[in-house]
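Trainee: I would like to learn how to read a structure with two chains. Please take me through it feature by feature.

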Amino acid sequence: MPQIVAKTGNEAMAEAMRQINPDVVAAYPITPATEIVMIFSQFVADGLVDTVYVPVESEHSAMSATLAASAAGARAMTGTSSQGLALMYELLPIVSALRLPIVMPEVNRALSGPINIHNDHSDTFAARDFGWLHIFSENSQEAYDNMLQAIRIAEHPKVKLPAMVTTDGFIISHCLEKIEMLDDATVKEYVGKFPAYTNLLDLKNPVTVGALDLQNYYFEHKMQVAEAMKAAKDIIVEVGKDFGRKFGREYGLFEKYKMDDAEIAIVCLGSTAGSAKAVIDEYRAKGIKIGLLKIRIYRPFPVEEIAAALEPMKAVAVVEKCDGFAAKGGPLFDEIRSALYDKKKKPLTVNYITGLGGREVTHKHIMEIFDELKAVADTGVIKELIQYKGVR
Amino acid sequence: MATLKELCAREDRLTGGHRMCPGCGAPIIVRQALMAVKEPVVVACATGCLEVSTTIFPYTAWKTPFIHSAFENSAATMSGVEAAYTSLKQQGKIKDDIRFIAFGGDGGTYDIGFQSLSGAMERGHDMLYICYDNQAYMNTSIQRSGATPRGASTTTEPAGKVRQGKVMTRKDLTEIMVAHSIPYAAQSVAGNWMDLTKKVEKAMSIRGPKFINVLQPCQLGWGYPMDLTVELGKLAVDTCFWPLYEVENGVYKVNVKPKDKKPVADFLKPQVRFKHLFKPQNAELLEKIQSDVDKAWELLLKKEQCFGV
């Protein structure tokens with residue numbers, strides 16, 4: 001029977017890991033993700049899991065050991081944040097190229113420098129081109145549900161790609177919320193056995209993993225990753241629907257909140273969506289037709305679906321917690337505008353970069369964004385294409 | 001120790017046809033080390049000569065399971081494989097008795113992979129790490145590493161008009177591994193099949209982390225005729241430039257004590273990387289290298305005296 005419990009984002013992810021019961025976890029502490037592996041280590045110490053825990057000496061070794069354990073036929077996991085993810089960057093495209101379906105909780109935290117421990121999305125956005133699936137969560141419940149679904153998606157024979165499931169540092173990771181947890185036996189059945197597509201320990205079929213791949217083959221192997229990423233979209237939708245049928249909470253590529261009759265909309269990720277929904281409800285009460293498109297799947301980027309959902313809008317604000325320093329707006333803004341390029345009727349689209357380094361994104365900020373966006377829709381004029389909201 | 005006849009009957013786990021240079025010492029080390037293991041072995045390897053020359057897709061020279069992912073993580077990689085094995089074995093999902101050997105060159109071991117190696121040894125994984133130490137980054141054209149000895153000319157610390165190759169002495173990685181209090185650490189040399197076989201056999205009989213540092217003459221990087229590889233290895237030992245010794249649970253044993261310790265110049269002279277040392281103006285540096293070797297040898301003998309059987 002499912003249980004209603006109070007869990008922080010980190011606790012919810014650690015509980016999901018306990019129920020997934022991976023064969024190997026190799027991890028290294030980093031704020032604000034440390035708690036996940038601390039809690040999990042206690043599960044190991046208490047004999048609640050079959051996991052061999054490898055307390056490595058760096059995140060580089062964490063991902064190296066996780067990669068190798070996965071290649072040895074084990075369901076292997078790790079978890080990290082920010083600088084830790086940055087130290088893993090070298091290995092992330094190797095994991096996807098080797099088609100190892102590792103699932104990793106990642107607690108979004110600003111990248112140094114200057115050093116900062118609070119939330120923004122610069123860490124995983126910088127890792128967007130490495131062939132990993134990126135799944136964002138709005139709250140602890142989604143973090144828990146996404147972890148379980150990520151196993152099914154990543155390990156699907158048509159996907160065979162690694163996945164990171166993210167939460168917003170402190171805002172979700174350390175915030176106590178009510179969530180519904182499935183029982184252990186249900187999760188065990190749901191995640192099933194690990195399909196060891198690559199298995200170094202299969203002595204009858206000795207395999208060479210990580211061969212030198214030159215001009216003759218590299219391109220074809222990268223093409224396979226590209227095709228798997230394309231194929232992943234349908235699998236994500238399928239798994240999300242199945243999760244809904246089984247457990248009552250359906251998931252898609254993104255969430256549309258009051259978009260059906262909306263004239264203007266904001267696009268955002270993670271915890272900002274919670275605040276946006278509250279503001280939308282207030283504005284709706286005043287008769288203003290606004291909506292929200294909350295990105296859940298950032299990789300693969302659901303380009304056609306997003307374009308179709310935003311096309312009917314008069315104006316769209318892309319609100320994101322990352323500046324790619326391209327001097328032309330944030331990475332998500334780029335991609336949303338590119339998605340809309342082929343549409344005949346394009347909404348006026350503006351960009352707000354917010355919340356860097358944990359700067360609070362308040363209801364007031366979101367109200368200002370909606371007010372400014374409404375003015376864009378009403379006048380048909382964009383005064384400022386890219387704005388920084390909340391910066392002094 | 002397995003007899004030569006027994007060793008010859010064992011399957012070669014690194015086949016011929018790979019693309020290592022003629023006269024390279026590394027495949028000699030790998031083939032002999034793997035031949036010394038009776039059980040099935042999984043091999044991990046750092047990026048480097050050995051990896052790029054034996055795994056050019058779609059070919060592989062490895063007849064045993066092999067994994068490579070990056071340069072600095074051979075030991076961490078093997079940690080993961082060994083952890084997977086331990087977990088699956090504990091759960092009754094596999095039955096085989098498997099052994100784990102990680103290889104790395106000196107660049108991937110002394111330098112960029114140093115932390116990964118130290119961590120894996122400290123955590124106590126059941127694995128043998130073998131460094132094939134050719135004393136420079138040979139795969140990328142002979143750049144200096146932490147293993148490059150004093151006076152050697154490399155492409156990033158070359159001998160020139162005002163400098164005479166590497167200024168500093170090399171890092172003593174074997175002793176650093178001894179300081180990790182692992183159950184077994186040793187030095188061996190390419191070409192001395194009996195010494196290497198004995199050491200790998202001993203390492204395989206011990207559970208936990210083991211380390212063997214094997215000097216590997218490199219005809220390309222050291223600059224000598226390709227048929228002298230084994231000979232140069234022997235000279236490194238006979239001059240005490242590279243002593244063969246082992247430390248088992250803290251107990252030192254020097255395996256070869258040359259009756260007539262040869263001058264280090266006998267080892268240096270055939271090599272292009274040390275050619276400049278034999279100019280009259282570098283006599284002092286040559287003496288310094290000899291005195292370094294003498295001091296290190298005396299110290300090793302004292303350690304054996306104090307911490308031997």
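Trainee: How many of the residues of chain A count as buried?

Mentor: A residue is buried if 20 or more other C-beta atoms lie within 10 Å of its own. This is a predicted model, and in it 54% of the 392 residues of chain A count as buried. For chain B the share is 51% of 309 residues.

Trainee: What does the radius of gyration say about chain A?

Mentor: Compare it with the value for a compact globule of that length. For 392 residues that value is near 21 Å, and chain A has 21 Å, so the two agree. Along the principal axes, the C-alpha trace of chain A spans about 70 × 50 × 45 Å.

Trainee: Which helices and strands should I look for, and how many are there in each chain?

Mentor: Chain A has 13 helices and 16 strands. Chain B has 12 helices and eight strands. The radius of gyration of chain B is 19 Å, close to the 19 Å from the globule rule for 309 residues, so chain B is as compact as a globular protein of that length. The C-alpha atoms of chain B fill a box of roughly 70 × 50 × 40 Å along the principal axes.

Trainee: What share of the contacts joins residues 24 or more positions apart?

Mentor: Take the contacts with a separation of 6 or more. In chain A, residues 24 or more positions apart account for 79% of them. In chain B, the share is 70%.

Trainee: Now the two chains together. How many residues of each are in contact with the other chain?

Mentor: In this model, 40 residues of chain A are in contact with 38 residues of chain B. On the chain A side, the elements giving two or more residues are strand 2 (24-26), strand 3 (52-54), helix 3 (59-71) and strand 9 (208-209). Helix 3 of chain A gives the most, with nine residues. By class, this side of chain A has 26 nonpolar, nine polar and five charged residues.

Trainee: How do strands pair, and which strand of chain B is joined to strand 9 of chain A?

Mentor: Strands of a sheet pair through backbone hydrogen bonds, either parallel or antiparallel. Here strand 9 of chain A runs parallel to strand 2 (residues 66-67) of chain B, and two bridges join them. Thr208(A) has Phe66(B) as its bridge partner, and Val209(A) has Ile67(B).

Trainee: Where does that pair sit in the sheet?

Mentor: Read the sheet as an order of strands. The order is 9(A)-2(B)-1(B)-3(B)-4(B)-6(B)-5(B)-7(B)-8(B), an open sheet of nine strands with mixed pairing. Strand 9 of chain A and strand 8 of chain B are the edge strands, each pairing on one side only. Helix 2 (residues 26-35) of chain B packs on the sheet and touches strand 1 (41-45), strand 3 (99-105), strand 4 (127-133) and strand 6 (209-215) of chain B. The direction of helix 2 of chain B makes about 160° with that of strand 4 of chain B.

Trainee: What is found at the edge formed by strand 8 of chain B?

Mentor: Strand 7 (residues 245-248) and strand 8 (residues 251-254) of chain B pair in the antiparallel sense over four bridges. Glu248(B) stands opposite Val251(B). The two strands form a hairpin with two residues between them, and in the turn Asn249(B) has a positive phi of about 45°. Helix 12 (residues 283-307) of chain B lies across both strands, at about 130° to strand 8 of chain B.

Methods. Residues are numbered from 1 along each chain as its sequence is written. Chains are lettered from A and ligands numbered from 1 in the order in which they are written. This is a predicted model: local features need pLDDT of at least 70, side-chain atom pairs count only at pLDDT 80 or more; totals for chains, interfaces and linings use all residues. The radius of gyration is taken over C-alpha atoms; the globule rule is 2.2 Å times the number of residues to the power 0.38. A residue is buried if 20 or more other C-beta atoms lie within 10 Å of its own, exposed if 12 or fewer, and partly exposed in between; C-beta atoms are placed from the backbone. Two residues are in contact if their C-beta atoms, placed from the backbone, lie within 7 Å. Ala, Val, Leu, Ile, Met, Phe, Trp, Tyr, Cys and Pro count as nonpolar, Asp, Glu, Lys and Arg as charged, and the others, Gly among them, as polar. Two strands pair if DSSP finds at least two bridges between them. Axes are lines fitted to C-alpha atoms, for helices over the stretch in contact, and angles run from 0 to 180 degrees between N-to-C directions.
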